[in-house]
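Here are some short exercises on strands and how they pair. Have the sequence and the model open, and try each task before reading its solution.

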Amino acid sequence: MRTEPALNTDTIKHCLAVDYGFDVGALHWLGTGYDMDAFGYEAVEPKGCSWFVRFSRGPVNPGSVNVPLLLASSGVSNILAPVPTRAGDLWSNVDEGTVVVFPFIRGNDGTTGLTDEQWLVFGQTLAAVHNGGFEHTLSAGLPTDSFSSDSIQPVLNVLNRIDEGACERRADGIAEFLHAKRALLRAIVHRMHELGDQLKAKPFERVLCHGDIHAANILVSDAGELYLTDWDTARIAPRERDLIFIIGSRIARKVEPREESIFLKGYGSVYPDPEALSYYRYELILEDVGEIGTRRLLTDDVLPETEDLDLDLLQRLFSPGDIVETTLESDSGA
């Protein structure tokens with residue numbers, strides 16, 4: 001559980017009243033998520049309506065609201081679209097950042113497990129996203145993967161800083177951990193370059209991908225309904241970019257072979273490229289390492305209370321049986 005931020009919630013309530021017309025009596029801090037610049041609240045109106053309010057420091061990523069709105073309005077089920085303001089905007093600016101509102105769904109995320117029916121629905125829903133031709137509508141507004149990952153350079157910057165011995169004492173635990181993994185991380189960077197060069201020469205169909213559709217970004221309501229959430233990383237990419245979270249996945253929670261089989265029954269026949277799966281798994285590892293290492297070691301914008309969360313995430317990435325070990329085992333060229 002994260003520490004509640006020292007935000008002026010009256011500012012958020014005022015925004016909800018003026019821009020959305022909501023008479024919010026209480027804001028309840030939800031305390032979840034790894035994005036240190038985003039904070040979730042349940043906004044409760046006296047008449048009983050609840051809304052999920054996401055407050056972010058800085059601007060909104062337009063794709064995070066435009067993509068679910070397009071999907072929902074196009075008839076794709078199990079998608080939560082943002083609630084527009086009274087002026088028809090998908091977010092509102094406040095003094096300290098931005099506010100986006102979604103319907104509040106009472107339930108749990110997918111890390112608590114999915115039923116067989118929910119795995120089937122998950123497969124059907126992701127197939128509708130991948131096969132709906134949305135990449136043509138969104139091609140100008142979303143990044144397109146080309147197997148030239150932006151995740152590599154931040155990791156190299158962090159490793160170079162560690163090699164120079166110039167890390168701040170405030171992040172000793174993280175610096176020490178990454179120092180011990182520096183040879184392995186450089187080997188992963190090298191392997192990603194190799195795979196990227198090979199994959200650029202292959203023909204891939206590029207589709208709309210969620211980009212981070214692990215179990216924690218699947219919401220299951222108390223009534224058993226399933227929703228795909230958090231579209232911040234939406235992109236146009238080979239479908240392998242999303243399938244790494246299901247096929248042989250240990251991300252957020254282990255996906256058992258039986259669960260994978262049920263998902264694929266809903267999704268349909270697919271023959272993913274094993275090298276693309278390895279590439280995207282390596283990319284996911286480097287994204288987390290680069291983000292945490294940059295925040296903890298290369299900037300002054302550090303929240304001391306998040307160090308334990310950051311170190312815990314890094315340790316889990318490299319723990320026995322987790323994504324680093326299983327990716328190296330499955331990558332025949334590593």
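Keep in mind that this is a predicted model.

**Exercise 1.** Find how helix H3 runs relative to strand E9.

*Solution.* Start at residues 116-131, which make up helix H3. This helix lies across E8 and E9, and its angle to E9 is about 35°.

**Exercise 2.** Work out the strand order of the open three-stranded sheet and say which strands stand at its edges.

*Solution.* Step one: the order is E6-E8-E9, with antiparallel pairing. Step two: strand E6 (107-109) and strand E9 (226-228) each have a single partner strand, so they stand at the edges and one side of each has no neighbour in the sheet. Step three: on average, neighbouring strands here are turned by 25° against each other, direction ignored. Step four: look at E8 (residues 218-221), which is joined to E9 by three bridges. Val 220 has Leu 226 in E9 as its bridge partner.

**Exercise 3.** Trace the partners of strand E2 and decide whether E2 is largely enclosed or not.

*Solution.* First, strand E1 (residues 26-29) pairs with E2 in the antiparallel sense over four bridges, and Trp 29 stands opposite Tyr 41 in E2. Next, E2 is joined to strand E3 (residues 50-56) by seven bridges, again running antiparallel; here Ala 43 has Trp 51 in E3 as its bridge partner. Then follow the hairpin that E2 and E3 form: five residues lie between them, and Gly 48 in the turn has a positive phi of about 110°. Finally, count burial, meaning under 20% relative accessible area. Six of the seven residues of E2 (residues 38-44) are buried, so the strand is largely enclosed by the rest of the structure.

How values were computed:
Residues numbered from 1 in each chain as written. Predicted model: local features only at pLDDT ≥ 70, side-chain atom pairs only at ≥ 80, totals over all residues. Heavy atoms only, no water. Pairing = 2+ DSSP bridges. Helix = DSSP H or I, 4+ residues; strand = E, 2+ residues; numbered from the N terminus. Axes fitted to C-alpha atoms, helices over the stretch in contact; angles between N-to-C directions. Contact = heavy atoms within 4.5 Å. Buried < 20%, exposed > 50% of the residue type's maximum accessible area, 1.4 Å probe, protein only.
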